[in-house]
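Could you walk me through this model in the viewer, one selection at a time? I have it open and would like to know what to pick next and what I will find there.

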Amino acid sequence: MATTSVPRVRVPAQAKAGDIIEIKTLISHDMESGQRKAADGKTIPRQIINKFSATFNGKTVFEADWYTSISANPYQSFFYKVKETGEFKFVWKDDNGSEYTAASKLTVA
Amino acid sequence: MASGDRFCSRRRALQLAFAASAGLILAPRFALADANAVADEIKKLYGDKKATDGKIKLDVPQIAENGLVVPVSIDVESPMSADDYVKAVHVFADGNPLPQVFSFRFTPECGKASASTRMRLAQTQNILCIAEMSNGTLYSAKAEVKVTIGGCGG
């Protein structure tokens with residue numbers, strides 16, 4: 001990776017209990033598929049984000065396993081049924097072992 | 001009519017020649033998966049269990065101009081209650097170098113079993129989606145995406 005991965009997350013700041021809200025996430029990453037060849041004919045080794053997970057107040061909400069067919073700068077959206085005020089934590093796991101994280105607060109009005 | 005026949009056969013010959021050269025240019029330079037590879041992957045996950053059609057709305061474009069970024073959304077019909085929810089959704093592409101695209105794992109916390117992401121498609125191919133419910137039943141859905149420019153870098 002030329003640059004470090006920067007996650008971006010969109011969560012509504014406020015919601016009512018019982019609402020189903022959409023959460024949108026995006027992270028910058030090459031998602032190198034391991035299929036491409038460099039100019040010298042050598043295969044560029046695979047390096048993708050292979051797992052995304054979202055938890056709310058420590059409880060798992062949604063998880064995704066990503067394979068090499070996922071586009072660069074992977075986008076992921078999913079839904080959450082609002083219960084209480086708390087904090088989302090998002091984790092992206094890279095093939096190289098590093099983790100990228102983001103968090104955002106949700107207030108129940 | 002003899003002259004008409006000759007015209008037709010020349011046109012046919014030209015068509016064949018064109019098709020052949022197009023085939024050479026577009027021939028993929030990497031091994032691609034096929035429907036069998038997808039079936040194998042599903043077997044690895046669920047054995048011989050059969051999936052029935054329905055319940056899934058698989059939203060992909062009919063024609064993708066750029067195979068590098070093809071939006072894909074899935075929406076599975078389910079009450080998403082604590083004892084009746086969608087556990088997992090897997091998507092496979094039978095014309096990519098590797099058949100798996102993603103596996104989503106839902107929980108009742110989600111409220112609805114709906115999610116979207118973006119995938120790469122190397123060529124025109126079928127997308128197969130399998131959903132596993134909390135009681136173990138499987139549902140499937142299939143869609144074809146025509147790809148104008150393949151997304152594998154080559």
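A residue counts as buried when its relative accessible area is under 20%. Keep that cut-off in mind for the first stop, and remember throughout that this is a predicted model.

**Stop 1: strand 8 of chain B**

Select residues 125–133 of chain B, which make up strand 8. This strand is mostly covered, with 8 of its 9 residues buried. Now add residues 86–93 of chain B: this is strand 5, and it pairs with strand 8 in the antiparallel sense over 7 bridges. To see the register, show B:His90, which stands opposite B:Ile130.

Next, bring in strand 9 of chain B, residues 138–149. Strands 8 and 9 of chain B also pair in the antiparallel sense, here over 8 bridges. B:Ala131 has B:Tyr139 as its bridge partner. Follow the backbone from one strand into the other and you pass through a hairpin with 4 residues between the strands. Pause in the turn at B:Gly136, where phi is positive, at about 95°.

**Stop 2: chain B as a whole**

Zoom out and colour chain B by secondary structure. You should find 2 helices and 9 strands, arranged along the sequence as α-α-β-β-β-β-β-β-β-β-β. Chain B has 154 residues, of which 42% count as buried. Of its contacts with a separation of 6 or more, 67% are between residues 24 or more positions apart.

**Stop 3: the cysteines**

Which residue holds the cysteine sulfur nearest to that of B:Cys110? Select B:Cys129 and you have it, 15 Å away. That distance is too far for a bond, and a search of the whole structure finds 0 disulfides over all chains. Both side chains are worth a look in a surface view: B:Cys110 is buried, with a relative accessible area of 1%, and B:Cys129 is buried as well, at 0%.

**Stop 4: chain A and its hairpin**

Switch to chain A, which has 0 helices and 8 strands. The C-alpha trace of chain A spans about 60 × 20 × 20 Å along its principal axes. Among its 109 residues, 41% count as buried. Where contacts in chain A join residues at least 6 apart in sequence, 56% of them link residues at least 24 apart.

Select strand 7 of chain A (residues 86–94), which pairs with strand 8 of chain A in the antiparallel sense over 8 bridges. A:Phe88 and A:Ser104 are bridge partners here. The two strands form a hairpin with 4 residues between them, and A:Gly97 in the turn has a positive phi of about 95°.

Strand 8 of chain A, residues 99–108, has a parallel partner too: strand 2 of chain A (residues 14–15), over 2 bridges. Look there for A:Ala15, whose bridge partner is A:Val108.

**Stop 5: the aromatic rings**

How many aromatic pairs does a search of the whole structure find? There are 15 over all chains. Begin with A:Tyr80 and A:Phe88, an edge-to-face pair with 5.0 Å from centre to centre and 80° between the planes. Both of these residues are buried.

Then move to A:Phe90 and A:Trp92, whose ring centres are 6.4 Å apart and whose planes meet at 40°, so this pair is tilted. A:Phe90 is buried at a relative accessible area of 1%, and A:Trp92 at 0%.

These four residues belong to one aromatic cluster, whose members also include A:Phe52, A:Phe62, A:Trp66, B:Phe102, B:Phe104 and B:Phe106. For another view of a ring, select A:Phe79 with B:Lys112: the charged end of B:Lys112 sits over the ring, 4.3 Å from its centre.

**Stop 6: the nonpolar cores**

Finish with the largest nonpolar core, which has 57 residues. Those with the most contacts inside it are A:Phe62, A:Trp66, A:Phe90, B:Phe104 and B:Phe106. Strand 9 of chain B supplies the largest share of this core, 5 residues. Apart from it lies another core, of 8 residues, among them B:Ala88, B:Phe92, B:Leu128 and B:Leu138.

As a last selection, show the surroundings of A:Trp66. Leaving aside residues up to four places away in sequence, A:Trp66 touches residues of chain A including A:Met31, A:Ile48, A:Pro74 and A:Trp92. From chain B, A:Trp66 touches B:Val101, B:Phe102 and B:Phe104.

Note on methods
Residues numbered from 1 in each chain as written. Chains lettered and ligands numbered in written order. Predicted model: local features only at pLDDT ≥ 70, side-chain atom pairs only at ≥ 80, totals over all residues. Heavy atoms only, no water. Core = buried A, V, L, I, M, F, W, Y, C linked by side-chain atoms within 4.5 Å. Buried < 20%, exposed > 50% of the residue type's maximum accessible area, 1.4 Å probe, protein only. Contact = heavy atoms within 4.5 Å. Pairing = 2+ DSSP bridges. Phe/Tyr/Trp six-rings, centres within 6.5 Å; stacked < 30°, edge-to-face > 60°. Lys NZ or Arg CZ within 6 Å of the ring centre and 35° of its normal. Disulfide = S-S within 2.5 Å.
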